[in-house]
Amino acid sequence: MGFENKVVLITGAGSGIGEATAKLFAKEGADVVVVDINEDRAHNTGDQCKEYGKRVCVIPADISKPEDVEKVMKKTIDRFGKLDVLVNNAAILAAVKILDGSILKSFDNLVNTNLRSVVHFTTLAAPHLVETKGCIINTSSVGSVSVRSGPLFSSYCAIKAAVDSFTKSSALELGEVGVRVNAVNPGPVRTNFLNDSGVPIQWDHFAAATVLNRCCQPNEVANLIVYLASEKAVGITGACYLIDNGQSIK
Ligand SMILES: NC(=O)c1ccc[n+]([C@@H]2O[C@H](COP(=O)([O-])OP(=O)(O)OC[C@H]3O[C@@H](n4cnc5c(N)ncnc54)[C@H](OP(=O)(O)O)[C@@H]3O)[C@@H](O)[C@H]2O)c1
């Protein structure tokens with residue numbers, strides 16, 4: 001889809017949707033910046049991207065830490081001199097009930113990783129994206145519009161709703177200077193997301209909540225992200241695209 005000489009930064013690129021997205025961008029000709037808290041997984045994705053013959057920069061970083069976000073942006077510009085596409089994808093999940101009494105602690109963790117980092121990366125990347133007339137894609141969730149997955153995810157869903165809102169607001173402001181901002185809102189996608197967050201629920205439980213009775217594979221979401229970043233989506237900004245097997249309408 002024409003990403004030759006484009007520089008794409010993807011957070012959470014060591015696994016799942018981010019990994020599939022990084023590999024697809026590299027396949028489509030982009031130079032990629034692979035960011036993940038898990039150093040081994042980040043390098044594994046980076047090695048796979050290099051097989052497409054593109055330049056790859058692997059940056060292990062914890063995006064919930066402001067100093068790491070600054071480090072990532074500085075290293076990206078030092079290495080490539082520009083940025084064309086920012087994919088704010090990394091996030092964590094937590095299953096907590098309000099009556100457990102511990103919701104605020106996990107809420108703060110979720111805000112820092114899933115929302116503050118999006119605002120911080122957007123702020124630091126925006127001047128560079130204005131230069132390249134680039135774009136931003138935020139990975140949100142069907143949970144931003146439907147809380148059907150269950151009461152355990154109240155914080156996660158509220159924060160993803162904030163990601164949608166910030167996507168639209170930043171599209172409004174940055175559209176004036178030629179930068180598009182969109183979100184993808186997946187339903188269940190078979191990744192390491194549940195295992196890594198220790199949520200004791202199987203993917204089949206989430207599949208059953210969808211019209212199509214299935215989970216997506218990560219590359220399905222990656223295809224949508226890469227499309228939204230491409231010239232084909234030149235007229236799309238401020239949109240939040242559901243890719244949820246019909247979960248939101250069930
Ligand atoms: N899978 C789904 O069903 C689903 C549905 C809707 C939305 N989403 C969204 O899709 C996005 C990607 O999720 P996924 O399913 O691909 O999950 P995943 O397979 O767990 O990948 C996420 C990656 O982000 C990394 N990460 C977590 N915290 C980080 C931090 N502070 N700094 C840097 N990297 C960090 C994870 O590392 P560790 O594993 O070491 O923590 C992991 O490698 C997320 O925004 C998620 O909310 C997923």
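Student: Which side-chain atoms of D196 does an oxygen atom of the ligand approach, and at what distance?

Tutor: A polar contact is a pair of N or O atoms within 3.5 Å. Here, in a predicted model, an oxygen atom of the ligand is 2.6 Å from an N or O atom in the side chain of D196. Residues are numbered from 1 along each chain as its sequence is written. Local features need pLDDT of at least 70 and side-chain atom pairs count only at pLDDT 80 or more, while totals for chains, interfaces and linings use all residues; side-chain values use heavy atoms, leaving out hydrogens and water.

Student: What distances apply to S15 and N89?

Tutor: For S15, an N or O atom of the side chain lies 2.6 Å from a ligand oxygen. For N89, a polar backbone atom lies 2.7 Å from a ligand oxygen.

Student: How much of the ligand does the protein bury?

Tutor: Accessible areas come from the Shrake-Rupley method with a 1.4 Å probe. Taken alone, the ligand exposes 880 Å², and the protein buries 92% of that.

Student: How many residues surround the ligand, and which are the closest?

Tutor: A residue is near a molecule if one of its heavy atoms lies within 4 Å of it. There are 31 residues around the ligand, the closest being S15, N89, Y156, T191 and D196.

Student: Which elements give two or more residues to that shell?

Tutor: Helices are DSSP runs (H or I, at least four residues), numbered from the N terminus. Helix 1 (16-27), helix 5 (154-175) and helix 6 (193-197) each give two or more residues to the shell.

Conventions:
A polar contact is a pair of N or O atoms within 3.5 Å; within protein, one must be able to donate a hydrogen and the other to accept it, and residues adjacent in sequence count only if both atoms are side-chain atoms.
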